[in-house]
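The following account leads the reader through selected features of a two-chain structure, taking loops, helices and the contact between the chains in turn. The sequence and the structure are shown here for reference.

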Amino acid sequence: MLESYTGAAILLLIATAIAVGMVVATTILGPKRQFADKMEPFECGESQLVSPYQRFSVKFYLVAVLFILFDIEAVFLFPWAILYKKLGLFGLIEMMVFLLILGVGLMYVWIRGGLDWE
Amino acid sequence: MIAAPEIDLISLAPVLVLSVFTMLVMLIDLFVGKNKSVLVFVALTGLLLAAVSSFAKTDWPVSSFGGSYVVDHMSVFFTMIFCLSSGLAILLSVDYNKRENIRVGEYYSLIMFCTVGMIILASSTDLIMIFLGIEIVSLCLYVLAGIRRGDTRSNEAALKYFLLGAFATGFLLYGMTLLYGATGTTKLAGIAEALSHAEVLSQPILVMGVVLLIAGFGFKVASVPFHMWTPDVYQGAPTPVTAFMAVGPKAAAFAAFFRVFTTAMPELAPTWEVLLSIIAVTTMFVGNLGAIMQTNIKRLLAYSSISHAGYILIAIIAKGSLATSALLFYMLSYTFMTFGAFSIVILLGRAGKENLELEDYSGLGFKAPLLGLAMSVFLLSLGGLPPLAGFVAKFYIFQAALNEGYVILVVLAVLNSAISLYYYLKVIVFMYMKEPKGDFQISLTPITLIIIIIGLIGTVQLGLFPGPVISLAHP
């Protein structure tokens with residue numbers, strides 16, 4: 001019973017070792033130039049004190065919705081791909097129908113101009 | 001090869017046909033130019049073929065997909081009602097969409113997708129499938145209610161419906177989980193079987209599940225105390241969508257409501273009967289008393305639809321085969337009279353001015369006698385006066401309830417029927433006994449005329465000669 005977890009345990013150990021190793025290595029080897037911006041809790045050039053009531057383009061919402069849609073499609077593709085051989089022709093046809101339906105949706109959005117940013 | 005669940009695509013025929021045609025409508029919309037009338041044609045063809053293809057299996061009841069889907073007398077009759085109501089809704093929208101500048105492609109597809117959901121809802125014998133059907137129907141309706149994006153009332157309707165609807169779906173799902181937890185299955189037949197064992201039946205968790213299910217379904221059919229959204233949503237949604245919502249999705253929710261409670265939980269009847277009786281009576285009273293105070297015709301019809309939900313709930317309480325056919329007959333006659341009434345409401349409006357106040361109906365009976373007459377017929381039928389369809393439908397439900405011994409319930413329902421006549425007659429009083437305020441600008445198009453005639457024929461025919469349809473509705 002326990003032996004079957006050996007692989008997972010080794011993976012866990014190596015992953016931990018790599019993570020710890022990287023932190024240690026950068027602390028020892030990395031150059032240390034400190035300035036005000038760099039010492040702030042947030043990086044990436046974002047200012048930390050801004051009003052939360054910012055306006056942003058409603059188009060982000062559309063992109064997000066479309067992303068979720070096709071993200072889920074990919075999620076459904078994974079189990080099918082794993083069982084592909086066992087499901088055989090039946091699985092292939094079923095999946096193609098599924099993809100076709102989503103494809104029709106994508107086509108509709110595309111031609112309607114849902115993907116244009118302007 | 002993995003053992004796939006038993007698949008019977010033939011019994012799914014109406015769903016498949018309708019799905020294909022829905023996508024066709026979407027695609028054709030992309031490639032035709034300004035003239036969108038071909039879409040109406042394709043959509044109606046799809047609905048007609050779906051209705052026909054529901055007879056692909058005739059040896060009812062056919063159970064498929066491991067007992068989660070069934071083609072039986074009830075599901076086929078409901079499929080007919082759904083296709084009819086969606087067809088009428090699409091026809092009703094043709095002129096309205098032109099007037100209000102509503103983009104038609106997604107509009108028709110949404111109505112058709114909604115119909116797919118309704119068929120699934122009426123044919124499912126598994127809680128998961130029922131949930132799936134309810135979600136398909138609701139999602140389409142949320143969008144349809146808010147399809148007039150520039151109109152604040154339409155936005156309000158969509159938002160209210162969405163927030164409350166999502167909440168109600170949560171209740172429904174929670175109820176289903178508790179039921180599953182108590183019985184160990186989501187199949188309706190399995191639940192009924194499990195409930196026949198005393199040790200399962202005695203679990204208090206079941207009561208909680210039933211109450212939550214009633215809350216969830218109660219919202220979808222707009223029964224008190226889950227009716228608050230109805231007037232606002234019905235008022236804000238585009239009028240053809242209102243008519244559609246009042247008929248199709250409501251009938252579908254009732255189909256699932258009826259199926260879950262009568263086939264899965266007859267053993268629990270002593271528990272839910274009392275609760276449903278209270279809800280039915282309060283629904284009738286709130287609906288009818290609320291309607292009396294309305295001055296807006298759409299709100300009035302919304303409250304009227306609440307009260308009708310009360311009458312239909314009696315069919316669920318009565319159970320049995322007589323109640324099944326009473327429910328079917330009621331939903332069919334309700335389709336005709338509601339669409340008839342709403343078609344005239346739409347006809348009176350014009351671009352930028354919808355004329356929805358009762359005042360706007362003053363003198364309609366003199367200015368356009370035939371329209372006034374048609375409206376009177378629809379309203380009197382909704383009120384349940386003989387010899388119209390509404391009377392026979394109510395009579396039939398009351399008879400089913402009396403046979404099971406629910407005398408007090410029927411007495412209260414008849415009393416409510418009398419109350420309801422007051423506000424239906426109020427509209428007629430406006431039409432015939434008040435001086436017209438302004439001039440009516442009515443442009444009667446052939447399509448609207450067809451709907452009014454279909455509505456009239458249905459209302460009168462089902463009232464005078466209900467025999468053939470009743471025998472069809474009888475299992």
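Pro387(B) is situated in the loop that connects helix H16 (369–383) with helix H17 (389–403) of chain B. The model is a predicted one. In this loop the peptide bond running from Pro386(B) to Pro387(B) is cis, and its omega is near 5°.

Beyond this loop, H17(B) packs against helix H18 (residues 407–433) of chain B at an angle of about 160°, the two axes being 8 Å apart. An angle over 145 degrees counts as roughly antiparallel, and H17(B) and H18(B) are therefore roughly antiparallel to each other. Their crossing is left-handed. On the side of H17(B), the contact is made by Lys394(B), Phe398(B), Ala401(B) and Leu402(B); H18(B) contributes Val407(B), Leu409(B), Val410(B), Ala413(B), Val414(B) and Ser417(B). By class, the contact of H17(B) with H18(B) comprises eight nonpolar residues, one polar and one charged.

A second cis peptide bond joins Val224(B) and Pro225(B), with omega about 0°. Pro225(B) belongs to the loop between H9 and helix H10 (229–236) of chain B. Just after H9(B), Ala222(B) adopts a positive phi of about 60°.

Helix H9 of chain B itself covers residues 204–220, 17 residues in number. From its first C-alpha to its last it reaches 25 Å, close to the 24 Å expected at 1.5 Å a residue. Of the 17 residues of H9(B), 12 are buried, so the helix is largely enclosed by the rest of the structure. The buried residues of H9(B) include the run from Leu212(B) through Leu213(B), Ile214(B), Ala215(B), Gly216(B), Phe217(B), Gly218(B) and Phe219(B) to Lys220(B). Leu206(B), Gly209(B) and Val210(B) are also buried. Among the elements covering these buried residues are helices H5 (127–145), H6 (152–183), H11 (239–264) and H12 (269–292) of chain B.

Two further loops of chain B hold residues with unusual backbone signs to examine. Phe65(B) lies between strand S1 (62–64) and strand S2 (69–71), and its phi is near 55°, a positive value in a residue other than glycine. Phe65(B) has 17 C-beta neighbours inside 10 Å and therefore counts as partly exposed. Asn101(B), in the loop between helix H3 (73–100) and helix H4 (104–123) of chain B, also carries a positive phi, near 60°. With 9 other C-beta atoms within 10 Å, Asn101(B) is exposed.

The account now turns to the contact between the chains. Nine residues of chain A are in contact with seven residues of chain B. By class, the side of chain A that touches chain B has seven nonpolar residues, one polar and one charged.

Which helices of the two chains have axes that come within 10 Å and cross at roughly 25°? They are helix H3 (residues 84–112) of chain A and helix H1 (residues 13–31) of chain B. That angle makes H3(A) roughly parallel to H1(B), and the crossing of the pair is left-handed. H3(A) takes part through Ile101(A), Val104(A), Tyr108(A) and Ile111(A), while H1(B) takes part through Met23(B), Met26(B), Leu27(B) and Leu30(B). The residues of this contact divide into eight nonpolar, no polar and no charged.

Notes. Residues numbered from 1 in each chain as written. Chains lettered and ligands numbered in written order. Predicted model: local features only at pLDDT ≥ 70, side-chain atom pairs only at ≥ 80, totals over all residues. Helix = DSSP H or I, 4+ residues; strand = E, 2+ residues; numbered from the N terminus. Expected span 1.5 Å × (residues − 1). Buried ≥ 20, exposed ≤ 12 C-beta atoms within 10 Å, placed from the backbone. Contact = placed C-beta atoms within 7 Å. Nonpolar A, V, L, I, M, F, W, Y, C, P; charged D, E, K, R; others polar. Axes fitted to C-alpha atoms, helices over the stretch in contact; angles between N-to-C directions. Parallel < 35°, antiparallel > 145°, perpendicular 65-115°, else oblique. Left-handed = near helix turned anticlockwise from the far one by under 90°.
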